[in-house]
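Subject: Structure handover

Hi there,

Here is the structure I promised to pass on to you. Please open it alongside this email and follow along as you read.

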Amino acid sequence: MTSRLPATLSLGPVSLTVTDLDRSVAWYQAALGLRVHRHEADHAALGDGSTDVLHLHEDAQAAQPRRHSGLYHYALLYPEREELARAALRLAATRTPIQGASDHGTHEAIYLPDPDGNGIELAADRPREQWPTPEEEFSGGGPRPLDFDALLATVQGEPPPEQVRPGLRMGHVHLHVADVNEGLAFYRDVLGFDVWALLPSAAFVAAGGYHHHLGFNTWRGEGIPPWPVAGVVGMRHWTILLQRPDEVDAVRERLRAAGIDGAPVTGGFAVTDPFGMTVHVVVAP
């Protein structure tokens with residue numbers, strides 16, 4: 001039985017708590033062009049028309065997160081650079097504020113909050129043969145600013161699209177945690193991710209040589225309290241997709257061997273990390 005997560009791993013939808021479902025659905029449609037797959041009284045599913053990337057759940061009384069573990073951001077991954085450029089056109093046309101934009105070498109990214117302040121990264125990967133090494137990526141004081149002119153030149157003359165095209169997926173999740181080493185003990189040593197890059201205050205882990213499926217940092221401070229889950233805006237859970245039932249079983253057995261319990265969910269199980277955040281490990285649909 002392998003102790004590492006398979007290279008075919010991908011990420012499924014992130015589930016978020018929001019305070020006003022209709023407002024959030026309207027914002028994700030207008031600002032990001034997401035398509036609504038389901039919209040019921042207190043929850044909705046959004047994506048590219050076929051694959052869910054977000055599940056939104058309404059709690060009108062939910063408070064804003066404070067200084068504890070929780071979501072830093074999730075990354076919506078576009079299938080090509082031109083699609084990120086079209087997303088930038090849409091943000092400009094809808095006058096949607098952004099918080100920043102970076103060129104990480106491995107990928108280009110635009111950062112912004114949703115109406116409740118949930119952090120979002122819009123990203124497009126560069127071809128793998130162009131990726132810097134982790135040492136190159138994290139040297140020199142951080143990522144370069146995103147070259148918006150070069151990005152937008154790839155779709156010059158196009159009008160802003162109203163909806164995202166097929167191929168949008170969840171690229172990675174980035175968390176605030178209390179301790180990087182404790183995060184590694186769970187996500188690397190038990191769950192089976194490989195380390196892409198390790199910094200004094202953050203770690204980036206992945207499967208199959210990817211730059212990162214998961215990041216976690218102590219930028220809110222070491223030793224912060226765990227995620228309270230209920231009654232707070234933010235992430236309810238995120239999702240790891242594996243291709244075969246035996247791959248899910250292998251992860252479950254590693255958790256059992258470490259004395260960690262999981263709860264059954266459709267297609268697999270849910271487990272809570274040391275910081276109070278839940279991940280579903282399931283077979284891909």
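Below are my notes on the overall fold, a hairpin region, two polar residues, the nonpolar cores and the aromatic rings.

Please keep in mind that this is a predicted model. The protein has six helices and 18 strands. Its radius of gyration is 18 Å, close to the 19 Å from the globule rule for 285 residues, so the protein is as compact as a globular protein of that length. Along the principal axes, the C-alpha atoms fill a box of roughly 55 × 45 × 40 Å. Of the 285 residues, 53% are buried. Among contacts with a separation of 6 or more, 69% are between residues 24 or more positions apart.

Strand S4 is a good place to start zooming in. Four of its five residues are buried, so S4 is largely enclosed by the rest of the structure. On one side, S4 runs antiparallel to strand S3 (residues 35-39), and four bridges join the two. Val36 stands opposite Leu46 of S4 in this pairing, and the hairpin from S3 to S4 passes through three residues. S4 is also antiparallel to S5, with five bridges between them; here Ala44 has Leu56 in S5 as its bridge partner. The S4 and S5 hairpin has four residues in between, and Gly49 in that turn has a positive phi of about 110°.

What does the side chain of Asp48 lie close to in the backbone? Asp48 sits in the loop between S4 (43-47) and S5 (52-58). A polar atom of its side chain lies 3.0 Å from the backbone nitrogen of Ser50, and a polar atom of the Asp48 side chain is 2.8 Å from the backbone nitrogen of Thr51. Asp48 counts as buried because its relative accessibility is 3%, under the 20% cut-off. Beyond its neighbours within four places in sequence, Asp48 is in contact with several residues, including Arg35, His37, Val164 and Arg169.

Ser15, in strand S2 (residues 14-18), is another polar residue you may like to look at. Ser15 is buried, with a relative accessible area of 1%. Its side chain makes a polar contact of 3.2 Å with the side chain of His57. Leaving out residues up to four places away in sequence, Ser15 touches His55, His57, Gly234, Met235, Arg236 and His237.

Now to the nonpolar side. In soluble globular proteins, nonpolar side chains tend to be buried together. The largest nonpolar core here has 72 residues, of which Tyr28, Leu32, Leu122 and Trp238 touch the most other members. Apart from that core lies another of nine residues, among them Ala123, Trp196, Ala197 and Ala202. Not counting residues up to four places away in sequence, the contacts of Leu32 include Trp27, Leu76, Ile120 and Leu122.

Finally, the rings: a search of the whole structure finds eight aromatic pairs. In one of them, the centres of the Phe186 and Tyr187 rings are 4.8 Å apart and the planes stand at 90°, so this pair is edge-to-face. Both Phe186 and Tyr187 are buried. Ring pairs also link Phe186, Tyr187, Phe216 and Trp238 into a cluster. Trp238 thus brings us back to the largest nonpolar core, where it is one of the residues touching the most other members.

Happy browsing, and all the best!

Definitions and conventions. Residues are numbered from 1 along each chain as its sequence is written. This is a predicted model: local features need pLDDT of at least 70, side-chain atom pairs count only at pLDDT 80 or more; totals for chains, interfaces and linings use all residues. Side-chain values use heavy atoms; hydrogens and water are left out. Buried means under 20% relative accessible area, exposed over 50%, partly exposed in between (1.4 Å probe, protein chains only). A polar contact is a pair of N or O atoms within 3.5 Å; within protein, one must be able to donate a hydrogen and the other to accept it, and residues adjacent in sequence count only if both atoms are side-chain atoms. Contact means heavy atoms within 4.5 Å. Rings of Phe, Tyr and Trp (its six-membered ring) pair if their centres lie within 6.5 Å; planes under 30 degrees apart count as stacked, over 60 as edge-to-face and the rest as tilted. A nonpolar core is a set of buried Ala, Val, Leu, Ile, Met, Phe, Trp, Tyr and Cys residues joined through side-chain atoms within 4.5 Å. Two strands pair if DSSP finds at least two bridges between them. The radius of gyration is taken over C-alpha atoms; the globule rule is 2.2 Å times the number of residues to the power 0.38.
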